[in-house]
Amino acid sequence: MNVLVFIDHVDGHIKKASLEAASYGAQLAQKAGGTAEAIALGNLTEDLATLGKYGIQKVHQVKNDALNTIDAQVYTKVIEQAVQQTGAKVVVFSNNSTGKLVAPRLSVRLKAGLVAGAVALPDTTNGFVVRKNVFSGKAFANVSINTDIKIISLNVNAFTISATGGTAEVVPFNATVDAPKVKVIDTTKASGKVSLTEADIVVSAGRGLKGPENWKMVEDLADSLGAALACSRPVADAHWRPHNEHVGQTGVAIAPNLYIAIGISGAIQHLAGVNRSKVIVVVNKDPEAPFFKAADYGIVGDAFEVVPKMLEAVKKVKA
Ligand code: FAD
């Protein structure tokens, strides 16, 4: 059962989510007895041979300026050609913004079953059963795919990257590339120094901070931890912070290793976007705040006293 992994990139660098997908695809190929190959579109500055470290044997690269802009229809047709030419039976995406655009389209074109939001390797002992998150991460569903070609999009941070060494063979892939219908007119860099969806640590704050003028201490804490910034929805609605920082059911869904929530009540709509975080630390002055039920560590206290102490402690550890 040959596996083809789609490699996503930003600013010429392979996204961490794609390294997770590569590790997943390689382990699946090993388990099911097939090859693990990858497809990368556009001009990357990072050496694709490094994907060998994650178990990828061969990388097909389509270097074409038209692919530097993500146009889902154009991407889908190129990946479809790669699936046909490599004879892959499983295609793995990361369930990130690009994966969410392309995987369903590819599923339609190839008449292939798709499981979006996978969290574990498929069980291949009796068919092909993939475990995925449902109800905003509150439950799991085991979904069986019985089409000839199968597509899996893997939840971000759901699978551990394993680097065992090795170098992948990088080969050019001659694909027919349509002219993109999407034209990028302007690009705005998201606020914050670290990308929210790629971050290992996220520091987030809510209405408990009283106003935008109090974010300096949150930014300082995020900077000291090398973390991305996030916020609750009312904070973005009130224009205290930009909307691209809003996490939750109607915002960005994240799954960092560490999520620090300051002055956020923990409403179900907020939790829906953050409850896949590995460790959750909550700072709230109300001991009855619902967020404490979802927390691994809770600090009952006033954010204006606790956050400066956290910052001091981080600086001490780093010194
Ligand atoms: P509040 O609920 O006002 O909570 C503030 C918290 O700060 C309180 O727990 C309080 O005890 C604490 N606090 C106050 N002062 C301090 C202090 N000095 N120190 C420490 N703690 C303090 N919300 C989202 O976040 N994301 C979403 O995607 C989202 N989608 C939604 C979709 C729908 C359809 C609906 C209806 C709502 C959605 N919401 C979403 C809103 C959600 O229901 C909550 O209203 C929101 O998450 C509350 O934000 P908050 O915790 O910042 O504010």
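**Exercise 1. Find which residues are closest to the ligand, and how many surround it.**

Solution. In this predicted model, the ligand is surrounded by 26 residues. The closest are S232, T250, S265, Q269 and N284.

Next, sort the shell by residue type. It holds 6 nonpolar, 14 polar and 6 charged residues.

**Exercise 2. Identify polar partners of the ligand's nitrogen atoms, and state how much of the ligand the protein buries.**

Solution. Step 1: apply the cut-off. A polar contact is a pair of N or O atoms within 3.5 Å.

Step 2: look at side chains. In K210, an N or O atom of the side chain is 2.9 Å from a nitrogen atom of the ligand. For T250, the distance from a side-chain N or O atom to a ligand nitrogen is 2.8 Å. T250 is also one of the residues closest to the ligand.

Step 3: look at the backbone. A polar backbone atom of A303 lies 2.8 Å from a nitrogen atom of the ligand.

Step 4: turn to the surface. The ligand taken alone exposes 990 Å², and 77% of that is buried by the protein.

**Exercise 3. Locate the ligand among the pockets, and name the elements that give two or more residues to its shell.**

Solution. The pocket that holds the ligand is the second largest. Two or more shell residues come from each of the elements α5 (233-237), α6 (268-274) and α8 (303-318).

**Exercise 4. Decide for N157 and for H239: buried or exposed?**

Solution. Step 1: check the backbone angle. N157 has a phi near 65°, which is positive although the residue is not glycine. H239, also not a glycine, has a positive phi of about 60°.

Step 2: place the residues. N157 belongs to the loop between β10 (150-154) and β11 (169-172). H239 is in the loop between α5 and β14 (258-262).

Step 3: compare with the cut-offs, under 20% for buried and over 50% for exposed. N157 has a relative accessibility of 11%, so N157 counts as buried. H239 has a relative accessibility of 67%, so H239 counts as exposed.

**Exercise 5. Describe where N96 lies and what its side chain reaches.**

Solution. Step 1: N96 is in the loop between β6 (90-94) and α3 (97-110).

Step 2: the relative accessible area of N96 is 11%, and therefore N96 is buried.

Step 3: the N96 side chain reaches the backbone nitrogen of G99 at a distance of 3.0 Å.

Note on methods. Residues numbered from 1 in each chain as written. Predicted model: local features only at pLDDT ≥ 70, side-chain atom pairs only at ≥ 80, totals over all residues. Heavy atoms only, no water. Near = heavy atom within 4 Å. Polar contact = N/O pair within 3.5 Å; in protein donor to acceptor, adjacent residues only side chain to side chain. Areas by Shrake-Rupley, 256 points an atom, 1.4 Å probe, with all protein chains shown as cover. 1 Å grid on protein atoms, 1.4 Å probe; cavity = no way out; pocket = protein on both sides within 12 Å on 5 of 7 lines; lining within 4 Å. Sits in = over half its atoms within 2 Å of the grid points. Helix = DSSP H or I, 4+ residues; strand = E, 2+ residues; numbered from the N terminus. Nonpolar A, V, L, I, M, F, W, Y, C, P; charged D, E, K, R; others polar. Buried < 20%, exposed > 50% of the residue type's maximum accessible area, 1.4 Å probe, protein only.
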